[in-house]
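Trainee: Before the terms are used, I should like to see how each one is justified.
Mentor: Then let us set each value against its criterion.

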Amino acid sequence: MLYREAGDFKTSYQKDSQTFPLKFDRMGYWTVMVVAFLVVPFVINDYWANAVAVPFLIYAIAALGLNILTGYAGQVSLGTGGFMAVGAYACYKLMTMFPEVSMLVHVVLAGGITALVGVLFGLPSLRIKGFYLAVATLAAQFFLVWLFNKVPWFYNYSASGQINAPERTVFGIIVTGPNTEAWAKYLFCLIFVVVLAWIARNLTRGMTGRKWMAIRDMDIAAEIIGVNPLMAKLTAFAVSSFFVGIAGALFFSIYLGAAEVGEAFGIQKSFLILFMIIIGGLGSIFGSFAGAAFMVLMPVFLKNVLVGGLGWPTDLAAHLEFIIVGGLIVVFLILEPHGLAQLWRLTKEKLRLWPFPH
Amino acid sequence: MNMKKIAAASVAALMVGTPVLADLVFPSLSYRTGPYAAGGIPYADGYSDYFTLLNERDGGIGGAAIQVIECETGYNTEKGVECYESTKGQGALVYNPLSTGITYQLIPKATADNIPLYTPGYGRTSAANGKVFSHVFNFPANYWNAASLAVNHLLAENGGDLNGKSVALVYHNSAYGKEPIRTLEGLAEKHGFKLTAIPVDHPGQEQKSQWLQIRREKPDYVLMWGWGVMNQVAIQEAANIRFPMENFVGVWWSGGDHDVAPAGESATGYKAVTFHAVGSDFPVFDDIQKHVVETGKAAGAGDNIGKAIYNRGVYAAMLMAEAVSKAQEIHGTPDITAAMMRDGMEALEITDARMAELGMGGFGPAFSVSCENHGGPGTGAIQQWDGAAGTWSLISEFGGSDMDVIQPLIDADSAAYAAENNIEAGCN
Amino acid sequence: MPDQLLFAIEVTMNGLMAGVLYALVALGFVLIFKASGIFNYAQGVMALFAAMTLVGIQNGQVPFAHLINAVFGTEVHHFGWHVPAILAILLTACVMVLFAWIVERYVLKHLVGQPDIILFMATIGLAYFMEGFGDLMWGADIKKLDVGLPQGGSFWLEENTAWLGGEGFYGFFIDKLDMVATVVAAILVASLVAFSQYTKQGRAMRAVADDHQAALSVGVSLRFIWVLVWSLAGFVALVAGIMWGAKSGVQFSLSLIALKALPVLMLGGFTSIPGAIVGGLIIGVGEKLFEFLIGAPFLGGATENWFAYMLALLFLVFRPQGLFGEKIIERV
């Protein structure tokens, strides 16, 4: 009954086109923000930060990035893992070359470097379309992983090729390395998530986003109405890779602390992030978060219930986990083919009318 | 999707899930699923069965009961983090993750949390330097010892002279597979043999190029650093090109029973380096059969006893149990903490008499650990596969490795790590 | 002839053989994509599942043994019988038909008319499900697959070609298993083509591939065709599982062979059976020759994975719809 437009009068165009037109939604949004920034950091412990919150936030960034490319601009990409590796290795090289510079700068620069690489591998998209485009990004995926494995300069000539994140700070607070407090990790990632989500939201509802969507819906038609496909596709690749690169940098430096390119950034990662945005909802900011939450939290949750709660043997639980996640994906699709975001949208529609739907 | 519901439910699940704190907690970060399950299952079974045996037969260690918490990682580093975080609060004494990736990641974390890591025959080799890696132990032998042991075996076969011989290294193209390259390069220079490194990408289902290359170049010997499906395919391909199996030597992780089984009898003669004995001909296995398998308390189906990787799990568990005894002795309490466990591991001393007492006489070397040397003696032997009988047998004595080549490499690599992470050398 | 040239010929021949094995995997993708427009992500897991089932039936393993033992506290593992290979293959084929029927009945039927990406997603769910289900049913340990296929190089060929080169040349090496795979693949493709050309069901299948709506309107049962196609894909998966599993044993990594089929599909086009074969051959020869000529000597090896995609990319830049793909006609 609280969920109504009624009584919420807009007096300017700006207000009319805001992200959350309903007062209740706005309040919900601010509550989430206040809780995320002012409550969670004080109560979070190592388990919740490392096993739940940090991976969720980082995957959300990666999903946002891929959603810009695939969901908004319609360019299928299976190179997300490779681009994350670029972010991670760029971050590692920067961290070891300039130890005194703030991590914020390193992470953003890592994103920038990834954007350049992304544009390079995005060039074939001008010629190859649809599912066939995946081959270009797959080539990027396998080539980049091979490159980082092969060239010792990238891993500072260590014996095994593993990279380790040394201790680095932001404004004197340790954010990487083993002595990082749980809240510092969490807040560092949260800041990136909020800023990037805000950028993504505003890009996608502005002219750039409209161009992307025009290309996605039909590129020839878009070209005829004056959208430059070269610019639109390449900006999509650049922005998307920037996001993904930041996710990769955070993934390595904040979350894992040590990484090996084939294991951490292999083809499985590319598929995982693609699954996130499809389950969450293509072309939806909320969907990126929902999809990341589903794919990250569901297995942890199931594991805790099956092994911790019911005391099953771990291997049986792991098999059941796969069965349940797979089954849930199918069930969701049958119930609502357009992802969790659409389910959320429908719920909101229903809520507006509740309790008098007729 | 209601996030709050999930969160609430997982909180509830966590609350229910926290078991009653036992006295001695050993988390077992195992992998019984995923691409490397074939190696993960017997190891986890062995590790867990030995502790169950101690509980059933002796009532724990020094009167304190043991609890093994299994956590499935699927050889995945991210799940490894989750497992580490979820078990460390339950009084975990020592971690043994059986994964190079997870080990690298846990080294700084566990050190900061004051929990020891035990990585026998895997993980970061330079962790043998206890001055830099205060909480990591990899006794009795590591990858670089394995490389040297394999070369020693080749030396012994050639009357001590490998001059002009050629050796190919077929390796898993990952951190794990790249480990022995520097040692082998050092040894190649010292003994004058020619080394060719041939990488195989994960997972290693298709190795035709690599084995055609070996067939063309005809190296005198092939060494292998493989894991997972790569082992089975490599051994099959070696048999296919009729490479003499006696000249094919794998590291211990390429020396499991499941690695040679698919190739059947054509794998006969294949060798692998090992740091412990093979077979089930030890009194301890009779005890496991009697107290664990027959009472239905075995971690697996009980059919892995005596297999090479199972034995490795038992051996690791035995060394950890001995370290607990040592820690109890040092600190005078049966109820030890992770910090005490570390002291126990550092003071660990294994004698032949003690091994015989445990029903494992001659199972592994006698050695002692010190603050400087966390790597043990670095001894090992060569095992050979008999396809008809379906068993491994030791064909050499336990021998030492060439520390003249290995020690400088360990010092250099650990120094680089110390410099990168601002670690001051301990043990003064 | 100089040895280097002979080696290049040997690498090319082995590349062709490897290409046939890739094509076997790709074939399953093409069948389903052609008839229903679904990119079946679960194809690799189907190969694993089929091979596991085959070994399980052959050795008389009790399905779900671990689960049963954990729940009821029993100790059952084996029935104690041994099924002959041919019978086990037939039984496994039946299991794959049953699987196809279940997929159609409980998944696809509910998703008729949805966009391709949704159907793709459903197969991802299916892949997850089967990965867990297969392991739960037959256990995750490695199993030896023995249906009497030959192993090892062909000595006859080796001995009779050794005279071609000098001291360093032993004669051409070709794996007997690869030869069998080539013959099997040829029979498989021939019978698939014959089936789709000369039988009523086959023609119905092609009709559906051409135009769903039109096929429906002339009385072709779409649901029957889908079961048929998924069964065929299941059978192809079984064959691929046997060929790959014979070398490495049946284990989880078998499901990753799908990755080897991706560049083949991109190159050959998703909709063409000859495309899958030719694409497989090009990728097989291309990656092996590149590794031989450039990868191993100059780049430190292990280049095959990315080179396969680079090669496919090169072809696509000139022919964006794949070698044999249907011409993309765009209208506004």
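The exchange below concerns a predicted model.

Trainee: What makes A:Val135 a residue in contact with C:Pro263?
Mentor: Two residues are in contact if their C-beta atoms, placed from the backbone, lie within 7 Å. A:Val135 touches C:Pro263 and also C:Met266, C:Tyr309, C:Ala312, C:Leu313 and C:Leu316, residues up to four places away in sequence not being counted. A:Val135 is also listed, with A:Ile61 and C:Leu24, as having the most contacts inside the largest nonpolar core, which has 373 residues.

Trainee: Which element gives this core its largest share?
Mentor: α3(A) does, with 18 residues. Domain 1 (22-141 + 283-378 + 409-420) and domain 2 (143-274) of chain B each supply at least three residues.

Trainee: Why is β5(B) called mostly covered?
Mentor: A residue is buried if 20 or more other C-beta atoms lie within 10 Å of its own. In β5(B), residues 166-172, 6 of the 7 residues are buried, so the strand is described as mostly covered.

Trainee: How do you know that β5(B) pairs with β6(B)?
Mentor: Pairing requires at least two bridges. β5(B) and β6(B), residues 194-200, have 7 bridges in the parallel sense, and therefore they pair. Within this pairing, B:Val167 stands opposite B:Leu195.

Trainee: What makes β7(B) a partner of β5(B)?
Mentor: The two strands run parallel and are joined by 5 bridges, so the criterion of at least two is met. Here B:Val170 stands opposite B:Met224.

Technical notes:
Residues numbered from 1 in each chain as written. Chains lettered and ligands numbered in written order. Predicted model: local features only at pLDDT ≥ 70, side-chain atom pairs only at ≥ 80, totals over all residues. Core = buried A, V, L, I, M, F, W, Y, C linked by C-beta atoms within 7 Å. Buried ≥ 20, exposed ≤ 12 C-beta atoms within 10 Å, placed from the backbone. Helix = DSSP H or I, 4+ residues; strand = E, 2+ residues; numbered from the N terminus. Domains from an automatic or database assignment.
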